[in-house]
Amino acid sequence: QDAVQKTTNGTSLVIHPPQQQQIIVGFSVTRYIDSFSATLSSASQINQGIALDFGQQNSLTSQQTMTSSGDLPPIGGAVWTKLETSYLTSGNNKIDLMTASVLHNKDYYNIYVYAPDAYYPEAMQKYIQHMFTSFKFLS
């Protein structure tokens, strides 16, 4: 787990296993501050930006929108906008990313999860969906 990261745009918590672990599943939650949230037009804009940045920062190629794996359960009592994309690594391994965003009390929030394609469905069903149902907004 990484420490909470604060930037000029918001605060994030990123959780991922050590680099040497073979199965990499990552999870991030971000709250964007009021002033940055005001510059955004929609939750879809955040999801598109996250998907693009994720591919570029990890030197991934062949970004493709995936067929949706179904609706997310309400997270914190809100309906979130979701985007699922897949990429290829330099070793031709497929990585899947799910990014979901919502506007809540003037601030945008984002959650993203990534995993190798072979583990993504199981990770989402067994672990991530359960975490989503436990989230609550405190403000």
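This section describes the overall architecture, an aromatic cluster and one pocket of a predicted model.

The protein comprises 3 helices and 7 strands. From the N terminus, these elements follow the order β-β-β-α-α-β-β-β-β-α. Of the 139 residues in the protein, 38% are buried. Among contacts with a separation of 6 or more, 49% are made by residues 24 or more positions apart. The accessible surface of the protein amounts to about 8300 Å², and carbon and sulfur atoms contribute 52% of this area.

Aromatic side chains form 9 pairs in the model. In one of them, the ring centres of Phe-54 and Tyr-114 lie 5.0 Å apart with their planes at 45°, so the pair is classed as tilted. This pair connects distant parts of the chain, since Phe-54 belongs to helix α2 (residues 43–57) and Tyr-114 to strand β7 (residues 107–116), with the two positions 60 residues apart in sequence numbering. Both Phe-54 and Tyr-114 are buried. The two residues also take part in one aromatic cluster together with Tyr-87 and Tyr-112.

Within this cluster, Tyr-87 is located in strand β5 (residues 81–88). Tyr-87 has a relative accessible area of 1% and is therefore buried, the threshold for this class being under 20%. Beyond its neighbours within four places in sequence, Tyr-87 is in contact with Ala-51, Phe-54 and Gly-55, and also with Leu-60, Thr-61, Ser-62 and Gln-63. Further contacts of Tyr-87 are made with Asn-93, Lys-94, Ile-95 and Leu-97. The C-alpha atom of Tyr-87 is separated by 9.6 Å from that of Pro-116, a residue 29 positions away along the chain.

The second largest pocket encloses about 290 Å³ of space. Its lining consists of 14 residues, of which Val-29, Tyr-109, Lys-136, Phe-137 and Leu-138 are the closest to the pocket centre. Two elements, β3 (26–32) and β7, each supply two or more residues to this lining. Strand β3 provides the largest share, with 3 residues. By residue class, the lining of the second largest pocket contains 8 nonpolar, 4 polar and 2 charged residues. Strand β7 thus appears in both parts of this description: it carries Tyr-114 of the tilted aromatic pair, and it contributes to the lining of the second largest pocket.

Key: Residues are numbered from 1 along each chain as its sequence is written. This is a predicted model: local features need pLDDT of at least 70, side-chain atom pairs count only at pLDDT 80 or more; totals for chains, interfaces and linings use all residues. Side-chain values use heavy atoms; hydrogens and water are left out. Helices (H or I, at least four residues) and strands (E, at least two) are DSSP runs, numbered from the N terminus. Buried means under 20% relative accessible area, exposed over 50%, partly exposed in between (1.4 Å probe, protein chains only). Contact means heavy atoms within 4.5 Å. Accessible areas come from the Shrake-Rupley method with a 1.4 Å probe; for residues, only the protein chains shown count as cover. Rings of Phe, Tyr and Trp (its six-membered ring) pair if their centres lie within 6.5 Å; planes under 30 degrees apart count as stacked, over 60 as edge-to-face and the rest as tilted. On a 1 Å grid over the protein atoms alone, a cavity is a set of points where a 1.4 Å probe fits but cannot get out, and a pocket is an open set with protein on both sides within 12 Å along at least five of seven lines; lining residues have an atom within 4 Å of a point. Grid points are joined across faces, edges and corners, and a volume is the space filled by probe spheres set on the points. Ala, Val, Leu, Ile, Met, Phe, Trp, Tyr, Cys and Pro count as nonpolar, Asp, Glu, Lys and Arg as charged, and the others, Gly among them, as polar.
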